[in-house]
Amino acid sequence: MRVGVAVFIAVFSVLLGVLSGQGGCLCSCAIAMVSSTIGWAYFSCWSLSFWPQTLLNWSRKSVEGLSFDYVALNLLGFSCYAAFNCALLWVPEVKAEYAASHHGEASAVKTNDVFFALHACALTALNMAQIRCYERGGQRFSAACKTALVLVAAAAAVVGTAVALRAQGCAWLNRALALEFHGARDEGRCSALTLLYLLSYVKLAVSLTKYLPQLLLNWSRRSTTGWNIDNVLLDFAGGALSLGQLLLDAGCSGEWSQLVGDPVKFALGFASMFFDVLFMLQHFVLYRAPRHVSPAAPLHAPLMSAGETDSAAAAPSPAKERARLPASWSRSDSQPGWGRAAVAPMLTPC
């Protein structure tokens, strides 16, 4: 399955990379095609990384082992990210405000950014629906997660109301969000950009903290069962390819300032890859599952109460049990060292 996904990503990325990289020859057309291919490859890895966990939940009909806080924070982050990208790409008033506050420059949001955010938001919302419908195993949302969601919703509602009323008094918030306006009146106005930048910083905070609940859940259970490692591998591959494209483009153009020109994005990429490495250590080293156990197997065997045992599986009689033992073990219980107390430990499974 992993080989098939890797082949699909490679073929898809090469085809689109060759087609879309022909018009951007900076230092050579070959390097431009390679850069475009890498770009489509990490886009594919990040997009596909949301599917393994969803399919695992569906096949097991259970979400036990998946952190509910991780899913809730992920949905919050990608909802903010989708709202930010959609507004900057499709809302003319927001695009005009952005240009006015950035010396006439247009935003760097592209169509694929919008569809990636919407796709991620839809798959994460499906995970939330699975949490509602499937077996939970006693897991719950933490109080800290609920508090964070309520605080973010309240802050967004207050700022959104101020934006709708075109109120003044947001100068301190605009400065805190590093949002620059030219006039004193515009600097204090609660604009749509104020709300969107607030959502973008929420996405930043979520990206730095959302993996912690899943890491702690794996640690407390001493197991990664229920948490699909394939989404981690795809996420790590996407981050590595993104960093590789950034290094290739900077080396080709000679503008190494691109590496430090957006420190937040650069730091987020490394933070995501750092958490991915921790997940891989948990799955492949610390809490490695036995080879004979299927990942899709139920986490717990069905419990049988008294009176519900299968009559066909009744315990064998003592005579039959002694007949199954080697001849050297078939001594009288009265002989020292060969009683039932001595034989029973030998029959206990490891």
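**Exercise 1. The disulfide**

Find which cysteine is joined to Cys170 by a disulfide in this predicted model, and determine the handedness of the bond.

*Solution.* Start with the sulfur atoms: Cys170 and Cys190 are joined by a disulfide, with an S to S distance of 1.7 Å, and the structure holds one disulfide. Next, place the two partners along the chain, where Cys170 sits in the loop between helix H7 (143-164) and helix H8 (171-176), while Cys190 sits in the loop between H9 and H10, so that the pair links distant parts of the chain, 20 residues apart. Then consider the torsion about the S-S bond, which is about 80°, and therefore the disulfide of Cys170 and Cys190 is right-handed. Finally, check the surroundings, remembering that buried means under 20% relative accessible area: Cys170 counts as buried at 8%, and Cys190 counts as buried at 3%.

**Exercise 2. A cysteine without a bond**

Explain why the sulfur of Cys86 forms no bond with the closest cysteine sulfur.

*Solution.* First identify the closest cysteine sulfur, which belongs to Cys121 and lies 9.2 Å from the sulfur of Cys86. A disulfide requires the two sulfur atoms to be within 2.5 Å, and therefore the sulfur of Cys121 is too far from Cys86 for a bond. As for its surroundings, Cys86 is buried, with a relative accessible area of 17%.

**Exercise 3. The salt bridges**

Work out how many salt bridges the structure holds, and where their partners lie.

*Solution.* Begin with the principle that side chains of opposite charge can pair when their charged atoms come close. The structure holds two salt bridges. In one of them, Arg2 pairs with Asp230, and the closest N and O atoms are 2.6 Å apart. Because Arg2 lies in helix H1 (residues 2-20) and Asp230 in helix H12 (residues 229-253), this pair ties together parts that are 228 residues apart in sequence. In the other, the side chains of Arg189 and Glu97 meet at 3.8 Å, N to O. Here Arg189 belongs to the loop between helix H9 (184-188) and helix H10 (192-209), whereas Glu97 belongs to helix H5 (residues 92-101), and the two are 92 residues apart. To end, compare accessibility: Arg2 is partly exposed at 48%, while Arg189 is buried at 18% and Glu97 is buried at 19%.

**Exercise 4. A nonpolar patch**

Locate Val277 and describe the surface patch to which it belongs.

*Solution.* Val277 is found in helix H14 (residues 263-286), and its relative accessibility of 35% makes it partly exposed. Together with Leu281, Phe284, Val285 and Leu286, Val277 forms a nonpolar surface patch whose accessible area is about 440 Å².

Methods
Residues numbered from 1 in each chain as written. Predicted model: local features only at pLDDT ≥ 70, side-chain atom pairs only at ≥ 80, totals over all residues. Heavy atoms only, no water. Patch = residues over 30% accessible without salt bridge, like charges linked within 9 Å, V, L, I, M, F, W, Y side chains within 5 Å. Areas by Shrake-Rupley, 256 points an atom, 1.4 Å probe, with all protein chains shown as cover. Salt bridge = Lys/Arg side-chain N within 4 Å of Asp/Glu carboxyl O. Helix = DSSP H or I, 4+ residues; strand = E, 2+ residues; numbered from the N terminus. Buried < 20%, exposed > 50% of the residue type's maximum accessible area, 1.4 Å probe, protein only.
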